[in-house]
Amino acid sequence: MKALEIEGLSKNFGGLWAIRNVSLDIEEGERRAIIGPNGAGKTTLFHLINGFLSPSSGRLFLFGDEVTHLEVHQRAARGISRTFQVTNLFQKLTLFENLLLGVQAIRRARSCFYRRIKSFKEMIHEAENLLKEWNLWEKKDVPLKNLSYGEQRQIEVMMALATQPRLLLLDEPTAGLSPAETLFMTSIIKSLPREITIILIEHDMDVAFEIAEKITVLHFGSILTEGPLEQIKGNPKVSEIYLG
Amino acid sequence: MSFWIIQTLNGLSFSMMLFLVASGFTLIFGLMKIINIAHGSFYLLGAYIGLTVLKATGNFLLATLASSIGVVLVGIIMQRFFLRRFHMKELQQVLLTFGFVFIIADLCLWIWGGNPQALPKPSLLKGSIWIGSVVFPSYRLFVILVGILVAIGLWIFQEKTKFGAIVRAGVDDEEMLRGTGINIQVVFVGVFALGALLAGIGGMIGGPFVGVFPGVDLSMLLLALVVVIIGGIGSLKGAFLGSLFVGLVDNFGKALFPELSLFTLFAPMAIVLAIKPTGIFGRKEE
Amino acid sequence: MKKFEILKSPLLLPCLFMGLVLFLPYFFSNYYVGLVIQIFIMAIFALSLDILVGHTGLPSLGHATYFGVAAYATGLLYLAGIKNFWLVMVVGIGLGGLTAVLFGFLAIRALGAYFMLITLALSQVLWGIAFKWRSFTRGDDGLPGIGRREIGLGIDLKPDLHFYYFTLILFLIILVALFIFLHSPFGYALRGVRESESRMKALGYPVWRYKYLAFVFAGIFAGISGVLWVYYSGFVNPSYFGVDLSAKALLMLILGGSGSLLGPVIGSGIIVLLENIVSGFTERWSLILGVIYVVVIMLFSEGIFSFIKKR
């Protein structure tokens with residue numbers, strides 16, 4: 001079963017084609033990287049997949065179901081999750097509260113307004129476990145804005161995973177990270193289970209080549225070329241578009 | 001038949017006066033995203049200052065000039081020293097204008113008292129004119145004329161002048177405007193002052209038939225809000241057509257069901273909100 | 001040493017507060033009792049607004065709408081002769097909530113400045129209707145003579161003392177209810193919406209629904225305060241829909257603090273006390289309120305509701 005199918009997707013902004021006739025398929029369990037120079041349309045593509053933008057034309061299928069006209073939260077309910085290029089977390093809430101919101105998102109309890117959240121023991125434990133797993137237990141009551149950039153990038157990924165997604169979109173997860181942090185992030189992503197299909201946008205070629213099995217290269221909103229890792233690595237056209 | 005003609009003309013004159021107020025409101029909102037709750041206060045001030053000068057000199061033109069200057073000054077002070085500090089912080093700006101409403105309303109109450117007053121009409125326009133089979137006060141016709149002239153003037157300003165082009169550019173994309181090197185602060189103060197001026201003139205013009213009294217600032221604000229919601233926020237065309245609609249509906253409403261006239265306004269407003277929250281000629285939401 | 005440990009207990013202040021408030025009428029005159037009743041009722045109103053402003057990030061400028069609807073409903077039902085106190089109260093609050101159900105649908109689709117504009121316009125329209133519909137609402141004159149009655153168990157609310165305790169009990173119940181509400185998963189979700197709508201959507205929350213429900217809940221609680229105020233003051237008039245009421249509530253949140261349970265209560269205390277003190281020696285309370293407004297905004301330029309969403 002294909003995790004994601006995109007057919008003839010295009011997005012036009014007032015005359016400018018940000019995405020032009022993009023079609024691609026991603027198998028379940030695959031690790032796909034989408035690379036391309038700045039302005040190629042990578043994040044726009046993510047917005048289209050995820051639902052923040054609606055396509056000018058084309059269709060999208062998530063695990064076999066058409067989602068072209070569904071809203072963001074409806075697509076999320078079908079198992080798609082993402083991180084953002086610019087950290088998008090709940091800055092004034094504590095780390096624990098941030099995770100709680102992630103953990104509660106897929107539960108019916110999320111609409112409960114007549115019981116304190118503390119009474120939902122299972123949810124609380126799950127959030128606590130996440131914290132311990134990721135070594136952030138001591139920081140649980142720190143307001144998110146007081147955490148370092150590197151920690152926040154990490155939490156971006158944690159939040160995306162908290163909803164137990166089947167398809168994970170990672171938008172430049174290592175952006176702005178130190179080499180050590182980048183290594184750590186890369187190893188985290190590599191260790192994610194095969195039940196989660198991963199699509200990765202990366203600017204850092206090393207990271208992309210480390211994680212990806214297949215690579216799609218975007219240029220000016222269209223697919224320049226696509227193929228297995230080794231094929232793309234050696235492809236001169238690819239380095240050309242970055243230097244040219 | 002004559003009932004309908006008179007009511008239509010009444011409605012039109014009210015619409016044109018309303019247009020003066022609403023156009024200023026929409027200009028300010030369109031460019032600076034400021035919901036100027038004190039916009040009705042400009043009407044209030046314009047009318048009261050005009051009243052005083054008129055009573056002192058008997059000269060309508062002089063009174064209009066004086067009230068315009070007064071209102072523009074207040075507007076400039078408001079924008080330059082207070083609102084400007086909170087550019088793009090819409091809530092703070094709105095809250096500031098709340099404060100100004102209280103201040104101006106209470107000062108006016110203190111100075112001019114609580115009794116409703118009406119401005120005397122200029123002697124030239126005290127009479128009536130025959131239109132077909134009906135007699136209609138010339139003053140009201142004058143108001144319609146002024147409204148149309150102002151509408152044309154604003155249209156020319158917006159479409160044909162350099163300043164208008166700057167304002168239009170600013171409404172669409174402020175970043176771009178800043179990039180052109182034009183002193184954007186001057187533009188902002190200018191537009192705010194223009195908005196205040198229009199509302200002040202509205203007060204002057206409306207003074208003789210709507211009158212001036214504590215609370216008219218909020219009444220005018222309410223109507224301006226309805227106009228702008230129906231016609232579209234930030235659109236002069238929307239303000240004009242919205243004013244026509246609201247003025248006529250309100251007037252016929254008052255004539256036919258005096259107590260429920262606001263329902264006749266409320267229904268279209270609710271319908272527009274339900275279908276297109278930014279108004280008929282407003283920008284689309286992304 | 002053990003004696004002084006009590007002073008450090010976090011329960012100390014609440015206990016002192018409870019003590020003060022329980023025995024207030026025995027130490028202070030009716031005037032002060034009336035003031036405290038006002039503070040309680042206005043605190044409920046400010047708390048209801050804070051659900052929207054402080055917790056969801058929706059800057060409603062027309063919150064008086066639901067206060068006014070509930071107040072008029074109560075007044076009209078009473079004057080129409082409906083005897084049952086609780087029925088009147090429930091209907092009043094229910095109508096306030098129903099108005100929020102309807103208006104929320106119109107307002108919630110907009111963001112930022114548009115939302116402010118629409119909420120303001122809706123409250124102003126109702127103000128205008130209350131003003132003009134003289135045959136029903138008696139317009140500017142308002143509806144006087146709304147009295148308090150028996151509420152069952154032989155308790156009569158007419159004496160101020162009884163009404164004071166009634167209001168106090170209701171206030172405490174509402175505080176507890178709001179505490180649970182704001183600390184429920186739903187309450188947390190509201191704050192998530194406030195901080196980042198896009199992140200909430202990406203997590204799978206139907207954000208529109210949360211905002212709408214917050215709007216309705218806020219309207220219901222505002223309705224409660226409207227009903228209580230009518231019973232306190234004995235009359236209702238168009239000012240109950242007024243811009244000044246909505247503005248005062250916002251000022252309470254600014255002064256007292258937003259996003260907590262204590263803030264709106266403190267803010268209510270400040271404004272009610274100020275208003276009563278200042279009105280005691282000048283007629284220009286409105287002017288002073290306006291100046292306070294401008295000064296407070298100018299001084300606390302950053303941080304007031306800095307999370308209010310833009311378009």
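## A tour of three chains, starting at Lys139

Select A:Lys139 to begin: with a relative accessible area of 29%, A:Lys139 is partly exposed. On this tour, buried stands for a relative accessible area under 20%, exposed for over 50%, and partly exposed for what lies in between (1.4 Å probe, protein chains only). The model is a predicted one, in which local features need pLDDT of at least 70 and side-chain atom pairs count only at pLDDT 80 or more, while totals for chains, interfaces and linings use all residues. To find your way, note that residues are numbered from 1 along each chain as its sequence is written, that chains are lettered from A and ligands numbered from 1 in the order in which they are written, and that side-chain values use heavy atoms, with hydrogens and water left out.

**Stop 1: around A:Lys139**

Now add A:Glu151 to your selection. A:Lys139 and A:Glu151 form a salt bridge, with their closest N and O atoms 2.5 Å apart. The rule for a salt bridge asks for a side-chain nitrogen of Lys or Arg within 4 Å of a carboxyl oxygen of Asp or Glu. A:Glu151 sits in helix α5 (residues 149–162) of chain A and A:Lys139 in the loop between α4 (121–133) and α5, so the pair ties together parts that are 12 residues apart in sequence. Helices here are DSSP runs of H or I with at least four residues, strands are runs of E with at least two, and both are numbered from the N terminus. Unlike its partly exposed partner, A:Glu151 is buried, at 15% relative accessible area. Over all chains, the rule yields 20 salt bridges.

**Stop 2: a backbone detail in chain A**

Next, select A:Phe63, in the loop between β4 (57–62) and β5 (65–66) of chain A. Although A:Phe63 is not a glycine, its phi is positive, at about 50°. Is A:Phe63 buried or exposed? A:Phe63 is buried, with a relative accessible area of 6%.

**Stop 3: a loop in chain C**

Move to chain C and select C:Arg138, in the loop between α7 (134–137) and α8 (160–182). C:Arg138 is another non-glycine residue with a positive phi, about 60°, and it is partly exposed at 44% relative accessibility.

Then pick C:Arg134 and C:Asp141, a salt bridge whose closest N and O atoms are 2.8 Å apart. C:Asp141 is exposed at 59%, while C:Arg134 is partly exposed at 41%.

A further pair to show is C:Asp160 with C:Arg148, whose side chains meet in a salt bridge (2.7 Å, N to O). This pair links distant parts of the chain, with C:Asp160 in helix α8, C:Arg148 in the loop between α7 and α8, and their positions 12 residues apart. C:Asp160 is partly exposed at 36%, whereas C:Arg148 is buried at 9%.

**Stop 4: chain B as a whole**

Color chain B by secondary structure and you will find 11 helices and two strands. Their order along the sequence is α-α-α-α-β-β-α-α-α-α-α-α-α. The C-alpha trace spans about 60 × 45 × 35 Å along its principal axes. Of the 286 residues in chain B, 56% are buried.

**Stop 5: where chain B meets chain C**

Show both chains together. Which numbers of residues does each chain bring to the contact? Chain B brings 54 and chain C brings 44, with contact taken as heavy atoms within 4.5 Å. Between them the two chains bury about 4,700 Å², 76% of it on carbon and sulfur atoms. In chain B, the residues that lose the most area to chain C are B:Leu91, B:Phe102 and B:Glu259, together 15% of what that side buries. Buried area is the accessible area (1.4 Å probe) that two parts lose on being put together, summed over both.

Zoom in on C:Arg284 and B:Asp106, whose side chains meet in a salt bridge (2.9 Å, N to O). The rule finds one salt bridge across this interface. To finish, select α4(B), which gives the largest share of the side of chain B that touches chain C, 15 residues. The residues on that side of chain B divide into 38 nonpolar, six polar and 10 charged. In this count Ala, Val, Leu, Ile, Met, Phe, Trp, Tyr, Cys and Pro are nonpolar, Asp, Glu, Lys and Arg are charged, and the others, Gly among them, are polar.
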